[in-house]
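The following exercises are to be worked through with the sequence and the coordinates at hand. Each task is followed by a solution that proceeds step by step.

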Number of protein chains: 2
Amino acid sequence: MALRHYTLDFSLTAQADSSATLKELQSVFQEQEMTETVHNIERNNCLVTYYGKNGRFAVVRFQSCGFVSIDFQSCEGDDESEAYDLLNSLEEKMKALLHSNIKKIKRLPALIRGGAIDRYWPTADGRLVEYDIDEVLFDDDSPYQNIKILHSQQFGNILILNGDVNLAESDLPYTQAIMGSGKEDYAGKEVLILGGGDGGILYEVVKLKPKMITMVEIDQMVIDGCRKHMRRTCGDVLDNLTGDCYQVLVEDCVPVLKKYVSEGKTFDYVINDLTAVPISTAPEEDSTWEFLRLILDLSIKVLRPSGKYFTQVRECFSIYIVLYSYFT
Amino acid sequence: MALRHYTLDFSLTAQADSSATLKELQSVFQEQEMTETVHNIERNNCLVTYYGKNGRFAVVRFQSCGFVSIDFQSCEGDDESEAYDLLNSLEEKMKALLHSNIKKIKRLPALIRGGAIDRYWPTADGRLVEYDIDEVLFDDDSPYQNIKILHSQQFGNILILNGDVNLAESDLPYTQAIMGSGKEDYAGKEVLILGGGDGGILYEVVKLKPKMITMVEIDQMVIDGCRKHMRRTCGDVLDNLTGDCYQVLVEDCVPVLKKYVSEGKTFDYVINDLTAVPISTAPEEDSTWEFLRLILDLSIKVLRPSGKYFTQVRECFSIYIVLYSYFT
């Protein structure tokens with residue numbers, strides 16, 4: 001950890017006299033022997049910074065819209081409790097000065113910046129999410145993607161592909177959902193899994209005594225990483241690439257699907273567990289949507305008339321559209 | 001939204017010549033007509049800020065541990081794409097200057113501060129989580145707690161009690177898990193639900209034709225809010241406080257449990273769905289743990305010998321300990 005970044009924000013019901021309020025806050029920073037720099041000072045709009053020992057740095061700004069923001073940065077090795085004390089003092093002072101003018105106070109957990117272990121893994125739709133990561137178990141680049149497996153106390157080991165959280169060991173409900181939420185009878189059926197390198201779907205479907213499962217995963221390194229570090233997800237199913245009722249093909253699924261189509265080979269179930277932005281050795285289509293459509297098209301062609309196609313619907317609204325336009 | 005706060009961080013393999021690098025970065029800020037202030041300048045440790053039009057403000061700091069952090073704040077109404085352009089320019093410049101010295105670049109989604117709709121709801125264990133909230137449906141204080149129901153595109157409506165995310169409409173797997181993951185036969189059984197004001201467990205158990213469900217929820221306002229805004233969770237089950245096979249008691253569960261114990265009334269299932277830090281009208285115990293232990297103790301006393309007790313295990317590790325110490 002190189003920097004802890006604290007924020008403390010106040011939404012006011014009306015504008016505050018910023019210069020008067022600032023004067024009162026100054027004493028808190030003076031006690032910390034922090035040096036003030038005024039960047040802008042108007043009655044309702046001002047920005048002042050404070051810099052002091054151990055590299056402590058604060059930004060206080062009043063905006064005319066009635067918003068007061070305080071940032072406080074403390075460096076590695078600095079006393080965390082002193083940062084809390086400072087923020088508590090500032091909050092108390094603001095409450096005393098502006099009391100009923102304060103509509104809302106928001107204090108976020110400190111951002112931990114430059115840590116050896118990265119706790120922040122934003123979602124595919126760009127939301128900030130912090131995980132309780134305490135160990136990096138695997139971090140390597142395959143020919144296709146960066147592969148990380150991180151340990152979280154809450155979620156178990158987490159597979160992250162190209163920075164996108166793929167699956168955690170606690171995500172059995174996800175695997176069950178993509179298999180049809182326990183309502184499907186896989187016994188004696190032929191199943192095709194696209195992607196699924198974490199082995200979760202394979203492991204769960206194998207238990208249901210299908211006739212044969214074929215899983216087509218492009219990335220050997222995902223399989224190797226998950227076999228070792230995601231055993232709560234995949235059990236022992238990735239220990240061998242073939243078993244009594246399954247085979248794992250380490251190949252790009254597009255040519256495999258095309259071969260099946262040309263051979264007239266069909267399945268009872270096709271489960272598409274490819275990444276949100278699927279990777280291929282030779283994408284023929286320019287855009288992601290065209291590529292998704294190609295996969296969907298080929299998948300439907302290898303389905304028996306009574307067959308079923310399962311896929312995840314990710315946070316991306318657009319994927320709905322692809323499916324919708326196909327089936328309607 | 002009053003402030004967008006962007007961060008752009010670089011972890012270096014070795015210290016960089018900060019004054020030389022800074023000089024090169026200056027041009028990016030000069031193009032933006034931002035005024036520089038030097039707060040500290042040493043060879044391996046420096047802090048410089050830039051302030052400019054529309055209230056744009058940046059902090060650039062080099063730390064001797066080989067960490068470079070950039071903060072950029074832009075105010076409401078400012079062009080978001082210009083912020084991205086600025087950050088892209090800074091990132092490109094840093095890459096050109098320090099190339100192989102850069103171990104890692106981390107850019108988080110911008111923090112949206114002072115927004116009318118709050119997107120940040122940290123977990124009980126203090127992790128920062130952003131939701132795609134787009135509407136506040138309910139926000140009121142009951143005698144017991146603050147109750148919010150917010151709409152998220154991804155999760156549906158979300159119930160937040162005292163700032164702690166309680167349940168989202170998409171959380172059916174949670175409800176199913178606390179009911180025993182579909183492995184329990186509730187038909188003809190007597191069930192006691194502690195808390196559960198969102199109606200989720202009640203709605204799901206009612207479908208399984210139990211003999212009688214008694215739900216004891218302290219907060220009428222939670223029931224009212226959820227009846228209106230969490231219908232994917234509770235269906236129509238909260239429209240009436242009594243039904244063919246259920247009754248809802250709007251009461252503190254502790255005296256109710258004590259009454260049942262004294263009467264010798266017992267249940268086949270007790271499902272504890274109280275909040276992580278349960279509320280009571282008259283807590284007799286000083287600490288949260290003692291209170292949790294009291295609830296557990298009373299719950300076990302109203303269980304038939306063949307009965308089962310279900311509860312959530314929250315992120316808090318400590319709760320494990322309470323259960324563990326009881327059963328061993």
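**Exercise 1. A salt bridge of Asp118(A)**

Task: Determine which residue forms a salt bridge with Asp118(A), and characterise the surroundings of both partners.

Solution. The model is a predicted one.
Step 1. Asp118(A) pairs with Lys104(B) in a salt bridge, and the closest N and O atoms are 2.8 Å apart.
Step 2. The pair crosses between chains: Asp118(A) lies in the loop between β6 and β7 (133-141) of chain A, while Lys104(B) belongs to strand β6 (residues 102-113) of chain B.
Step 3. Buried means under 20% relative accessible area. Asp118(A), at 11% relative accessibility, therefore counts as buried.
Step 4. Lys104(B) has a relative accessible area of 30% and is partly exposed.

**Exercise 2. The contact between chain A and chain B**

Task: Describe the contact between chain A and chain B by its residues, its buried area and its polar pairs.

Solution.
Step 1. Chain A contributes 50 residues to the contact, and chain B contributes 49 residues.
Step 2. The size of an interface is often given as the accessible area lost when the parts come together. Here, the area buried between chain A and chain B is about 4000 Å², with carbon and sulfur atoms giving 56% of it.
Step 3. On the chain A side, the residues that lose the most area to chain B are Arg113(A), Arg127(A) and Leu128(A), together 17% of what that side buries.
Step 4. Between chain A and chain B there are 8 salt bridges. One salt bridge joins the side chains of Arg113(B) and Asp9(A), at 2.8 Å from N to O.
Step 5. The count of residue pairs in polar contact between chain A and chain B is 30, both residues being at pLDDT 80 or more. In chain A, β1 (3-12), β2 (35-41), β3 (46-51), β4 (57-63), β5 (67-75) and β6 (102-113) each supply at least two residues of the side that touches chain B.

**Exercise 3. Salt bridges within a chain**

Task: Compile the location and the accessibility of the partners in the salt bridges Glu169(B) to Arg232(B) and Glu190(B) to Arg304(B).

Solution.
Step 1. In the salt bridge between Glu169(B) and Arg232(B), the closest N and O atoms are 3.9 Å apart. This pair links distant parts of the chain, 63 residues apart: Glu169(B) is in the loop between β10 (164-168) and α3 (172-178) of chain B, and Arg232(B) is in helix α6 (residues 231-234) of chain B.
Step 2. Glu169(B) counts as buried at 11% relative accessibility, whereas Arg232(B) is exposed with a relative accessible area of 56%.
Step 3. The side chains of Glu190(B) and Arg304(B) meet at 2.8 Å, N to O. Their positions are 114 residues apart, in strand β11 (residues 190-195) and strand β16 (residues 303-311) of chain B respectively.
Step 4. Glu190(B) is buried, its relative accessible area being 12%; Arg304(B), at 23% relative accessibility, counts as partly exposed.
Step 5. In chain A, a network of salt bridges links Glu190(A), Lys211(A), Lys265(A), Asp268(A) and Arg304(A).
Step 6. Over all chains the count comes to 46 salt bridges.

**Exercise 4. Helix α1(B) and Thr21(B)**

Task: Examine the span, the bend and the packing of α1(B), and place Thr21(B) in it.

Solution.
Step 1. At 1.5 Å a residue, the 14 residues of α1(B) should span 20 Å, and the end C-alpha atoms are 20 Å apart, which agrees.
Step 2. At Glu24(B), α1(B) bends by about 30°.
Step 3. Ser18(B), Thr21(B), Leu22(B), Leu25(B), Gln26(B), Val28(B) and Phe29(B) are the buried residues of α1(B). These buried residues pack against β2 (35-41), β3 (46-51), β4 (57-63) and α2 (80-98) of chain B.
Step 4. Thr21(B) is located in helix α1 (residues 18-31) of chain B, and has a relative accessible area of 5%, so Thr21(B) is buried. Neighbours within four places in sequence aside, the contacts of Thr21(B) are Ala16(B), Phe62(B), Met94(B), Leu97(B) and Leu98(B).

**Exercise 5. Positive phi values**

Task: Locate Glu33(B) and Asn54(B), and state the phi of each.

Solution.
Step 1. Most residues other than glycine have a negative phi.
Step 2. Glu33(B), just after α1(B), takes a positive phi of about 55°. This residue sits in the loop between α1 and β2 of chain B and, at 64% relative accessibility, counts as exposed.
Step 3. Asn54(B), although not a glycine, has a positive phi of about 60°. Its place is the loop between β3 and β4 of chain B, where Asn54(B) is partly exposed with a relative accessible area of 47%.

Key. Residues numbered from 1 in each chain as written. Chains lettered and ligands numbered in written order. Predicted model: local features only at pLDDT ≥ 70, side-chain atom pairs only at ≥ 80, totals over all residues. Heavy atoms only, no water. Helix = DSSP H or I, 4+ residues; strand = E, 2+ residues; numbered from the N terminus. Buried < 20%, exposed > 50% of the residue type's maximum accessible area, 1.4 Å probe, protein only. Contact = heavy atoms within 4.5 Å. Expected span 1.5 Å × (residues − 1). Bend = angle between axes of the 7 residues up to and from the residue. Buried area = accessible area lost by both parts, 1.4 Å probe. Salt bridge = Lys/Arg side-chain N within 4 Å of Asp/Glu carboxyl O. Polar contact = N/O pair within 3.5 Å; in protein donor to acceptor, adjacent residues only side chain to side chain.
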